[in-house]
Amino acid sequence: MISFIKGRLVEKTPTEVIIETSGIGYQVNISLHTYSLLTDSEAIMLYTYFQIKDDAHTLFGFVEKLEREIFKMLISVSGIGANTARNMLSYIHPKELIQAIANEDVKTIQSIKGIGLKTAQRVIIELKEKVLKMNEVDEISVTHHNTNADEALSALEVLGFVRKNAEKTVKKIVEQNPEAGVEQIIKLALKSL
């Protein structure tokens, strides 16, 4: 197995890079997350995953080891291939994906293009235990399901607020006022949004 590749960056697109090492140019598939972390310096090193299939040998590259680990977990889920896993990591930051799996946040996973309800549920069922065992768990706050917060968030979305901003605000309010009702959460959120 090829664990990493180090060399000169010859070409870079949002979906792949070409790295020259020892006179050979390697085509490496990447996610948008990895693309966003790549600098324009000539020297480059990517952690890799080498996939061998009957019809193709494909190399996937990642700037961070964490992203590679999540990628390997995702492709272990029935129905998720390498391109779907790469797509998932392009849509959501790896740590946000870990968070969504740990919190059983089906909506976030389902918001990824090409991921339906059943696939999102399967990802959570098959990966939650593995995700919780990862070192990153210390940085993950597993939130308990709060119906009032969910209803307030839905109402804020209907009012036209961006989901990510509203989520952060609602989370902060619920942490400070765990017994707050839907109406109270919405009123407090409107003051700070």
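**Group meeting: the core and helix α6**

Okay, so let's start in the middle: the largest nonpolar core has 29 residues, and those with the most contacts inside it are Leu74, Met88, Leu97, Ile109 and Val123. Who feeds it? The elements giving two or more residues are β5 (57-62), α2, α3, α4 and α6. There's also another core lying apart from that one, with twelve residues, including Ala152, Ala166, Ile173 and Ile185. Bear in mind that this is a predicted model.

Now, α6. Helix α6 runs over residues 117-133, so with 17 residues at 1.5 Å a residue it should span 24 Å; the end C-alpha atoms sit 25 Å apart, which agrees. That said, α6 does have a kink of about 55°, centred on Leu127. Leu127 is also one of the buried residues of the helix, along with Thr119, Ala120, Val123, Ile124, Lys128 and Val131. And what covers them? Among the covering elements are α2 (65-75), α3 (82-91), α4 (94-102) and α5 (106-110).

Take Val123 from that list. If you skip neighbours within four places in sequence, Val123 touches Leu74, Val77, Ile80, Met88, Ile101, Ile109 and Lys128. Leu74, Met88 and Ile109 were on our list of residues with the most contacts in the core, too.

Last stop, Thr108, over in helix α5. Is Thr108 buried or exposed? Its relative accessibility is 19%, and the cut-off for buried is under 20%, so Thr108 counts as buried. The side chain of Thr108 makes a polar contact of 2.4 Å with that of Asp105. Again skipping neighbours within four places in sequence, Thr108 is in contact with Ile92 and Ala100.

Notes: Residues are numbered from 1 along each chain as its sequence is written. This is a predicted model: local features need pLDDT of at least 70, side-chain atom pairs count only at pLDDT 80 or more; totals for chains, interfaces and linings use all residues. Side-chain values use heavy atoms; hydrogens and water are left out. Helices (H or I, at least four residues) and strands (E, at least two) are DSSP runs, numbered from the N terminus. The expected span of a helix is 1.5 Å times one less than its number of residues. The bend at a residue is the angle between axes fitted to the seven residues ending there and the seven starting there. Buried means under 20% relative accessible area, exposed over 50%, partly exposed in between (1.4 Å probe, protein chains only). Contact means heavy atoms within 4.5 Å. A polar contact is a pair of N or O atoms within 3.5 Å; within protein, one must be able to donate a hydrogen and the other to accept it, and residues adjacent in sequence count only if both atoms are side-chain atoms. A nonpolar core is a set of buried Ala, Val, Leu, Ile, Met, Phe, Trp, Tyr and Cys residues joined through side-chain atoms within 4.5 Å.
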